[in-house]
Structure formats: structure tokens, C-alpha cells
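Me: I would like to learn how to read a structural model feature by feature, beginning with an annotated position and working outwards. Could you take me through one?

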Amino acid sequence: PYLNTLAQSAGKLWFGTAMDTTTREVSDSAYMTVFNDTQIFGQTTPGNTMKWEFTEPSQGVFTFSEGDETIALAKATGKKVRCHNLVWSSELPAWVTGGTWTNETLLAAMETHIKTEVEYYGDGCWSWDVVNEALDSDGGFTSNVFYETIGAAYVPLAFQYAYEAVQSLGADIKLFYNDYGIEYSGTKHTAALALVQTIQGWNNAYIDGVGFESHYSTSWGASKASQLEGMSDFTELGVQIQVTELDVGCSSVPCSTSDLATQAQIYYDTVSACMDTEECTGMTVWDFDDEYSWIQPADYDGEGDPCLYYSDLSRHPAYTAVAEAI
Ligand code: XIL
């Protein structure tokens, strides 16, 4: 069963995967054979290379070559690109995190960054994750240089700048807010709903959609019912949803038989919730090969192997579960 073919036949835009041109993936021909198979993956998201530290390493000096590579690889196999991301607390260059800012100077730097990047990639991007992970689990704003300097208004302002850039291009590029822990009811979910409404109410800002990152582990996942409810809370506000970074780590590696079953169930529940939600338009895994996943046991307290494929590119049981869910 081919996941993207199934998803597109069922009316979704795609089943896609993140990939990262900064790692060894692009020179791994076995990996690239799967990546390039449009029947399996119809979309890609660059895992790192469009983030601020890569694209504007010094103020006003833009380096777009890595992102260009992603767009070229995508075009070669007819994939759309979810461009990721314009404003985030992490993977910022030192000149941003360590700069001496006023409200006015940081807003100007943010506006330049957003508009230059959106205008450069143009309609090579199907969408942009304009602001990534602005919220804490307690529902407050994550402390970062933007929040500390500008206040909560940095979020709608970022959407305003992105929208202005899209308008000046005359292009239809979708603008998303992307986060984790917002997929089911709770304090952060409620805060994200309010944030969407703030953006919607902001003069000359626009938001098309919300990305549910959907990073889970076998020790904890959200049920299909809770995800369905989580999706409908957002779609009632008139935005579309996408599952943007799905992975489910095994609590230890190699995955035990019971972990593999739990992993398959969480993949199934997530994909199935999207399939049953008309306004959930696409699903993306945060890479498909355990070897290149960001969830490596050494960094995540033993957790690992969260993808649909093992390092030898044989498939986890979760692959079949996803195909069944679609
Ligand atoms: C991760 C990348 O996969 C890693 O390679 C990098 O070291 C850190 O960022 N949420 C996001 C993604 O929105 O951008 C993150 O990607 C994973 C969590």
C-alpha cells in the first residue's frame, strides 16, 4: 500500500515526510529511493534548513542554498513543500538571541527576515509555518527574545508581515501556526485557540491553518476521540488543520513487541482522526527512517525508533496501520 496514493485518492492533499539536506540523507541512495517515491510521499518539509540560523546567519546576510535544494528535490518528484519556519525560539543565530534590542529594532529585524524569506522562496512554498511553538504547556507564552522584547503581539505581527509578503507576491501561500501539545483539550490547546482568534482579529494579518505537530511516544499518545475533538475545536474557527510532524518514539530501543503495537495504534489514531476530519488536509511524518530521526536514544533518555521505517528501511508495523487508517 502506498501512503500518498491512498491519501490523495481519499481527498487529502498528501501524505508527506520531513527530510533534512544537512544530514547524510541525500547521499543515502536507499533512503532517497523511498523519499523520491511519489506514491509513498507527496510532500516534504525541510527539517532544519529554512530556519533562521540557516537562512540569515548574520543580520542582513541571507543564505538560501540549502532550502533551494529541498525545493529542487521536491519539484523533481512533484512534491509540495511546507516551508518551516519563520519565527521560533530555537535554532536562532547568536545575533538574534544575543542582540541588544528595542521593540522597534527587533520588529524591524523580524519584518525583514520574514519578508525576505517569504519573497525569496515565493510559490516554491505551499505554506509557511509563520510562528512555531510560541506557547508553554501552562498556556503562557514561551519565553524568548521576541516575547521578552515585543510582547505577545510578536505573534500576530509575524502573521501580518508574512501576509503582506504573500500579498505583494500575489501568490496563494498558506500561513500556519505550528505547535505540539495543542492536539487535544488542555491548557495549551485552549491558549492556541485564543491565539488563532487574536491573529484572526488583527488588522491585516491572516492565518489559514494550524499544524498539529503530533510528536508522541509509546508511553503516551492521544486517543483518536481526543484528537478528533481537538481538530474540531480549531476547524470551528475556520482554519484548516494539518498533522505536520508525526512520530511515535518507542520508550526503549529496540522497540519491544508491545511497544510496536502501541506505536502502530498511535499512528493509526492520529491518521484516522485526520482522515475523519474534512478540514484536516494533509499528514506529514517527521522523517520516515529511524536512522535520521531527531529522536535518538542518547538524546531522549533511551527513547527511539519513532518512524515508519527501521534504519535498514524495512517497515514497522505502524506502516500497515497508517495504510489501514487511510
Ligand atoms: C528538529 C529537527 O528535526 C532537529 O534536527 C533539530 O536539531 C531540532 O529541531 N518541533 C519542530 C521542528 O517544529 O522544527 C523540530 O525539528 C522538532 C520539534
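Me: Which residue does the UniProt annotation "active site" cover?

Reply: An annotation of this kind is taken from a record, and the model then supplies the surroundings. The unreviewed UniProt entry places its "active site" annotation on Glu245, and in this predicted model Glu245 is part of strand β8.

Me: Does Glu245 count as buried or exposed, and with which residues is Glu245 in contact beyond its neighbours within four places in sequence?

Reply: Burial is read here by counting C-beta neighbours inside 10 Å, and because Glu245 has 24 of them, against a threshold of 20 or more, Glu245 counts as buried. Once neighbours within four places in sequence are set aside, Glu245 is in contact with Ala18, Glu213, Ser214, His215, Thr284 and Trp286.

Me: Into which domains is the protein divided, and how many residues of each are in contact with the other?

Reply: Domain 1 is assigned to 1-41 + 214-326, and domain 2 to 42-208. Their centres, taken over C-alpha atoms, are separated by 23 Å, while 30 residues of domain 1 are in contact with 27 residues of domain 2. On the side of domain 1 that touches domain 2, the elements giving two or more residues are α1 (3-9), β1 (14-19), α10, β8 and β9, and the residues of that side comprise nine nonpolar, 17 polar and four charged.

Me: Where does the largest nonpolar core lie, and why?

Reply: The general idea is that nonpolar side chains tend to be buried together in soluble globular proteins. Here the largest nonpolar core has 82 residues, and Trp128, Val130, Ala158, Phe159 and Ala162 are those with the most contacts inside it. Helix α8 (residues 154-169) supplies the largest share, ten residues. Since domain 1 and domain 2 both give residues to this core, the core lies between them. As for Ala162, its contacts outside the neighbours within four places in sequence are Leu86, Ile114, Val118, Trp128, Val130 and Leu175.

Me: What does helix α11 pack against, and how does its reach compare with the expected value?

Reply: A helix can be read first by its span and then by its buried residues. Helix α11 (residues 257-275), with 19 residues, reaches 27 Å from its first C-alpha to its last, which is close to the 27 Å expected at 1.5 Å a residue. Its buried residues, including Asp259, Gln263, Ile266, Tyr267 and Cys274, pack against β7 (215-217), α10 (224-235), β8 (240-249), β9 (280-285) and α12 (317-325).

Technical notes
Residues are numbered from 1 along each chain as its sequence is written. This is a predicted model: local features need pLDDT of at least 70, side-chain atom pairs count only at pLDDT 80 or more; totals for chains, interfaces and linings use all residues. A nonpolar core is a set of buried Ala, Val, Leu, Ile, Met, Phe, Trp, Tyr and Cys residues joined through C-beta atoms within 7 Å. A residue is buried if 20 or more other C-beta atoms lie within 10 Å of its own, exposed if 12 or fewer, and partly exposed in between; C-beta atoms are placed from the backbone. Helices (H or I, at least four residues) and strands (E, at least two) are DSSP runs, numbered from the N terminus. Domain bounds come from an automatic or database domain assignment. Two residues are in contact if their C-beta atoms, placed from the backbone, lie within 7 Å. The expected span of a helix is 1.5 Å times one less than its number of residues. Ala, Val, Leu, Ile, Met, Phe, Trp, Tyr, Cys and Pro count as nonpolar, Asp, Glu, Lys and Arg as charged, and the others, Gly among them, as polar. UniProt positions are given in the numbering used here, feature names are shortened, and annotations may be inferred rather than shown by experiment.
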